[in-house]
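Here is a quick tour for anyone meeting this protein for the first time. Have a look at the sequence and the structure, then read on.

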Amino acid sequence: MKRWLWILPAGLLLMLLFNCCSIADVTKGEREKVEYTVVAKNEIPSEIEEIISERKETEFQMTYTGSGYLYILRGYGKQKSGGYSIRVEEVSASEQALHVKTVLIGPKNREEQKGAVSCPYIVLKTKERDDLPVVFED
């Protein structure tokens with residue numbers, strides 16, 4: 001009888017653990033395009049400028065919410081020269097997440113490798129979406 005008293009709570013605990021913990025695959029499912037704007041450097045809010053100046057020499061991916069907008073920040077860290085650009089390949093939403101995919105494009109020839117070290121980054125702006133986490137994809 002004592003054995004059953006121990007097995008019952010252990011079984012209930014295992015059932016709770018398996019039912020409460022799950023991993024969702026946010027990469028699957030249908031996606032719809034999300035309207036966004038690439039924010040010009042002179043229009044970036046001062047709070048975001050401070051964040052970028054602190055982190056621009058290392059790669060970063062982050063979001064900032066303010067004034068009813070979601071700002072998506074993506075930096076590629078310190079590069080050996082200038083001439084880099086960033087292409088936005090996707091900004092879309094699924095039921096589970098907001099997906100963002102950008103690509104760093106390097107200089108094609110020596111002439112484009114102008115200047116000294118650069119720290120390319122991009123800031124995207126879209127409507128605030130409290131309900132969805134942002135997933136940065138490679």
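Before we start, one term: two strands pair if DSSP finds at least two bridges between them. With that in hand, we can say that serine 92 stands opposite histidine 99 in E6. Keep in mind that this is a predicted model. The secondary structure adds up to two helices and eight strands, and along the sequence they come in the pattern α-β-β-α-β-β-β-β-β-β.

**The big picture**

- The protein has 138 residues, and 30% of them count as buried.
- If you take the contacts with a separation of 6 or more, 70% of them are between residues 24 or more positions apart.
- As a general point, strands of a sheet pair through backbone hydrogen bonds, either parallel or antiparallel.

**The antiparallel sheet**

- One open sheet is made of four strands in the order E2-E7-E4-E3, with antiparallel pairing.
- Strand E2 (37-38) and E3 sit at the edges with a single partner strand each, so one side of each has no neighbour in the sheet.
- Helix H2, residues 46-55, packs on this sheet and touches E3, E4 and E7. The direction of H2 makes about 165° with that of E3.
- E4 and E7 are an antiparallel pair, held by seven bridges. Across that pair, isoleucine 72 stands opposite leucine 124 in E7.
- Strand E3 (residues 59-66) and strand E4 (residues 69-76) also run antiparallel, joined by eight bridges. In that pairing, glutamine 61 has arginine 74 in E4 as its bridge partner.

**The turn between E3 and E4**

- E3 and E4 make a hairpin, with two residues between them.
- Serine 67 is found in the loop between these strands, E3 and E4. Its phi is positive, about 55°, although serine 67 is not a glycine.
- Is serine 67 buried or exposed? Serine 67 is exposed, because its relative accessible area is 74%, and the cut-off for exposed is over 50%.

**The mixed sheet**

- The other four-strand open sheet has the order E1-E5-E6-E8, and here the pairing is mixed.
- Strand E1 (32-33) and strand E8 (134-137) are the edge strands, each with a single partner strand, so one side of each is left without a neighbour in the sheet.
- E1 runs antiparallel to strand E5 (residues 85-93), and two bridges join them. Lysine 33 has serine 92 in E5 as its bridge partner, while glutamate 32 is partnered by alanine 93 in E5.
- Serine 92 therefore turns up in two pairings: with lysine 33 and, as we saw at the start, opposite histidine 99 in E6.
- E5 and strand E6 (residues 98-105) run antiparallel with eight bridges between them. These strands, E5 and E6, form a hairpin with four residues in between.

**Two residues to look up**

- Tyrosine 71 lies in strand E4. Tyrosine 71 counts as buried because its relative accessibility is 8%, and buried means under 20%.
- Which residues does tyrosine 71 touch, leaving out those up to four places away in sequence? Among them are Val39, Pro45, Ile48, Met62, Tyr64, Val123 and Leu124.
- Tyrosine 71 and proline 45 are 26 residues apart in sequence, and their C-alpha atoms are 9.7 Å apart in space.
- Glutamate 47 has its place in helix H2. Glutamate 47 is partly exposed, with a relative accessible area of 39%.
- From glutamate 47 to tyrosine 64 there are 17 residues in sequence and 9.0 Å in space, C-alpha to C-alpha.

**The largest pocket**

- The volume of the largest pocket is about 160 Å³.
- Which residues line the largest pocket? They are Lys33, Val34, Glu35, Tyr36, Thr37, Tyr69, Lys125, Thr126, Lys127 and Arg129.
- By type, the lining has three nonpolar, two polar and five charged residues.
- Strand E7 (residues 121-127) gives the most to this lining, with three residues.

Key. Residues numbered from 1 in each chain as written. Predicted model: local features only at pLDDT ≥ 70, side-chain atom pairs only at ≥ 80, totals over all residues. Heavy atoms only, no water. 1 Å grid on protein atoms, 1.4 Å probe; cavity = no way out; pocket = protein on both sides within 12 Å on 5 of 7 lines; lining within 4 Å. Points joined across faces, edges and corners; volume = space filled by probe spheres on them. Nonpolar A, V, L, I, M, F, W, Y, C, P; charged D, E, K, R; others polar. Contact = heavy atoms within 4.5 Å. Axes fitted to C-alpha atoms, helices over the stretch in contact; angles between N-to-C directions. Buried < 20%, exposed > 50% of the residue type's maximum accessible area, 1.4 Å probe, protein only.
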